[in-house]
Amino acid sequence: MIRILITPQAFELFGDNLDSLFGDEYDIEFTGGIISDKKELISKLKKVDGFIIGSEKIDEEVLNQCPNLKVLSRFGVGYNSIDITQTNLNNVMVAVVPDMNPLAVARHCLALLLSFTNNIILQNNHNGDWIRNYNLSPEENDIGLIGLGPIGLYFGHLCKKIGYKVNYYSRTNKNVTEFNYIDSIDELIEKSQIISLHLKSTMDTKKIINKDRIDMMYGKLFLNTARGDLVDEDYLYHSLCDKKLLGAGLDVFTNEPSFGISEKLQKLENVISTCHTAVYDNYSIKNTGLKSIDNIKYFFEGNFEKINRIVEV
């Protein structure tokens, strides 16, 4: 039997059909949620051949104690919690699902935006008070996109449809005629009232939203549905505490599930936060789950060319 551990909570959507999606030759353990305790994670991984992983941290200590582990199939596209150098050294393949639904993330980003601009959270009281607040109009507030991958592009088009002027920064001009290209992040922040982050997490982009750039966001709104480690969370927290920013809409954090400074950020009154759920609609989650299962099956069948994407150093 091929033994597989699955932790992402979203697999509950498959119900009793989960085992049948693999086949009789697989023995499946589904925990129903992320394993935060490293000792517990190691204890379970020692017994399995493959792991469909959420946001658990896989490092040298974990890998060295789990010699039977052969493949990690990431439930999604990000793999910043996995030490790829160590997986290579331990002959553990890492596969990801790169084509999660970018429109779902863009819709979620729009929901965070409108929750602020239209005072949805502020005015959602059940006391019967009739207190009216001025909404922020798109005619007077430009959107600035840092990064124009599929998610940023979808989000930009959604914003454009409801009346926003859209600026964007990218390493190269994408020649999107409806948007205004700016070749500097600093200039983009200066010229935009709402800043939305849409970059991948790499060694070059970690904390790209640093102290100086957060200072430039005085009186502005900041959105992040990309990755938490792109931002200096400590400085963002203190700036929001001091009301230097208008607010922040955050779906991602450095520490997930949140603790430490990430948890403090979530609790601020001028922060609207969700728990990395931007792509969590039934369609997108089921589709991603099926592809992460396929990656496991392709690996053990030897059909490596069919794997969505294999991650290497």
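A residue counts as buried when its relative accessible area is under 20%, and as exposed when that area is over 50%. The structure here is a predicted model.

**Helix α6**

Take helix α6, residues 150–161. At 1.5 Å a residue, its 12 residues should span 16 Å. The C-alpha atoms at its ends are 17 Å apart, which agrees.

Which residues of α6 are buried? They are Gly152, Phe155, Gly156 and Cys159. Viewed down the helix axis, these buried residues fall within an arc of 105°, so they line one face of α6. Pro150 and Lys161 sit on the other side of α6 and are exposed.

The buried residues of α6 pack against one helix and several strands, listed here.

| Element packed against α6 | Residues |
|---|---|
| α5 | 102–117 |
| β6 | 143–146 |
| β7 | 166–169 |
| β9 | 194–197 |
| β10 | 221–224 |

After α6 comes glycine 163. Its phi is positive, near 110°.

**An open sheet**

Strands of a sheet pair through backbone hydrogen bonds, either parallel or antiparallel. One open sheet has 6 strands in the order β2-β1-β3-β4-β5-β13, with mixed pairing. β2 (26–30) and β13 (309–311) stand at the edges. Each has a single partner strand, so one side of each is left without a neighbour in the sheet. From one strand to the next, the twist averages 25°.

β1 (residues 2–6) pairs with β2 in the parallel sense, over 5 bridges. Leucine 5 has glutamate 29 of β2 as its bridge partner.

Helix α11 (residues 282–301) lies across β1, β2, β3, β4 and β5. It runs at about 160° to β4.

Notes
Residues are numbered from 1 along each chain as its sequence is written. This is a predicted model: local features need pLDDT of at least 70, side-chain atom pairs count only at pLDDT 80 or more; totals for chains, interfaces and linings use all residues. Side-chain values use heavy atoms; hydrogens and water are left out. Two strands pair if DSSP finds at least two bridges between them. Helices (H or I, at least four residues) and strands (E, at least two) are DSSP runs, numbered from the N terminus. Axes are lines fitted to C-alpha atoms, for helices over the stretch in contact, and angles run from 0 to 180 degrees between N-to-C directions. Contact means heavy atoms within 4.5 Å. The expected span of a helix is 1.5 Å times one less than its number of residues. Buried means under 20% relative accessible area, exposed over 50%, partly exposed in between (1.4 Å probe, protein chains only). The arc is that of the directions from the helix axis to the C-beta atoms.
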